[in-house]
Amino acid sequence: SAALLLGEDQYLDDRLRDIYATAGAMHILCVSGLHVGVIFLVMSFMFGFLKQFGPGRFILPVILIGSIWAYALITGLAPPVKRASIMISFIIIGDTLKRHKNVYNTLAASAFLMLLFDPFVIFGTGFQLSYTAVIGIISLQKPIYNLLYFKRKIPDKLWAITSVSIAAQLGTLPVVIYYFHQLPAYALLTNLIVIPLSSLIIYSGIA
């Protein structure tokens with residue numbers, strides 16, 4: 001739980017790490033954009049009623065951004081969390097100011113801001129994987145999802161999760177092959193099970 005919620009993975013033995021890596025699920029043991037997204041969704045649900053009041057339109061973004069960065073500080077400002085926090089903060093501010101949101105512009109703005117503080121972060125594997133994964137998701141997920149149609153809700157949700165995983169892996173494929181010279185054999189099947197379960201664990205941990 002500590003590894004999943006706060007990134008405290010120092011207590012995991014090497015054998016367990018190898019099992020997660022082979023299954024393509026090592027990413028859930030690292031605090032990431034998924035965690036920040038869950039924090040954002042939880043706080044939006046809890047305080048969404050503020051939008052109904054005049055001043056609440058400006059109070060809500062303060063609460064959301066404050067919660068996101070409080071979590072980022074708790075996790076020690078882990079690079080993936082910091083990147084996701086910057087991106088979501090841009091989205092929240094743009095929504096508050098009634099600006100048209102372009103995900104690619106938001107992505108570029110967050111990368112630019114990080115590079116202002118540390119230009120060499122662009123050479124980091126984590127930085128490259130994070131941004132190529134997001135680019136893959138926002139550009140490929142919808143076309144992949146539209147390839148199949150399911151009338152029933154559960155198969156449709158399962159396919160939606162799978163399409164996100166496929167899009168992210170296609171986006172990161174060049175980086176993964178370049179640095180690691182391999183692809184996790186069970187990544188698609190693992191993410192289909194792990195992502196919903198890990199989200200539930202994160203929700204429970206927040207509670």
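**Close-ups of an all-helix model**

**View 1. A pocket with about 270 Å³ of space.** That is the space in the second largest pocket. To find a pocket, a 1 Å grid is laid over the protein atoms alone, and a pocket is an open set of points where a 1.4 Å probe fits, with protein on both sides within 12 Å along at least five of seven lines. The volume is the space filled by probe spheres set on those points, which are joined across faces, edges and corners. Its lining (residues with an atom within 4 Å of a point) has 13 residues, and K51, L60, L64, D95 and T96 lie nearest the centre. Helices α3, α4 and α5 each give two or more residues to this lining.

A quick word on what you're looking at: this is a predicted model, where local features need pLDDT of at least 70, side-chain atom pairs count only at pLDDT 80 or more, and totals for chains, interfaces and linings use all residues. Residues are numbered from 1 along each chain as its sequence is written, and side-chain values use heavy atoms, leaving out hydrogens and water.

**View 2. The whole chain has 9 helices and 0 strands.** Helices here are DSSP runs of H or I with at least four residues, strands are E runs with at least two, and both are numbered from the N terminus. Of the 207 residues, 33% are buried, meaning under 20% relative accessible area with a 1.4 Å probe, protein chains only.

**View 3. The largest nonpolar core has 14 residues.** Such a core is a set of buried Ala, Val, Leu, Ile, Met, Phe, Trp, Tyr and Cys residues joined through side-chain atoms within 4.5 Å. V36, L64, I68, V81, I88 and I92 touch the most other members. Two or more residues come from each of α3 (33-47), α4 (56-74) and α5 (79-96), and α4 gives the largest share, 5 residues.

**View 4. S110 sits in helix α6 (residues 103-117).** S110 is buried, with a relative accessible area of 0%. Its side chain makes a polar contact of 3.0 Å with that of Y131; this kind of contact is a pair of N or O atoms within 3.5 Å, where one must be able to donate a hydrogen and the other to accept it, and sequence neighbours count only if both atoms are side-chain atoms.

**View 5. Helix α8 (residues 153-180) has a kink of about 55° at T172.** The bend is the angle between axes fitted to the seven residues ending there and the seven starting there. Shortly after the kink comes the proline P174. Just past α8, H181 takes a positive phi of about 55°.

Conventions:
Buried < 20%, exposed > 50% of the residue type's maximum accessible area, 1.4 Å probe, protein only.
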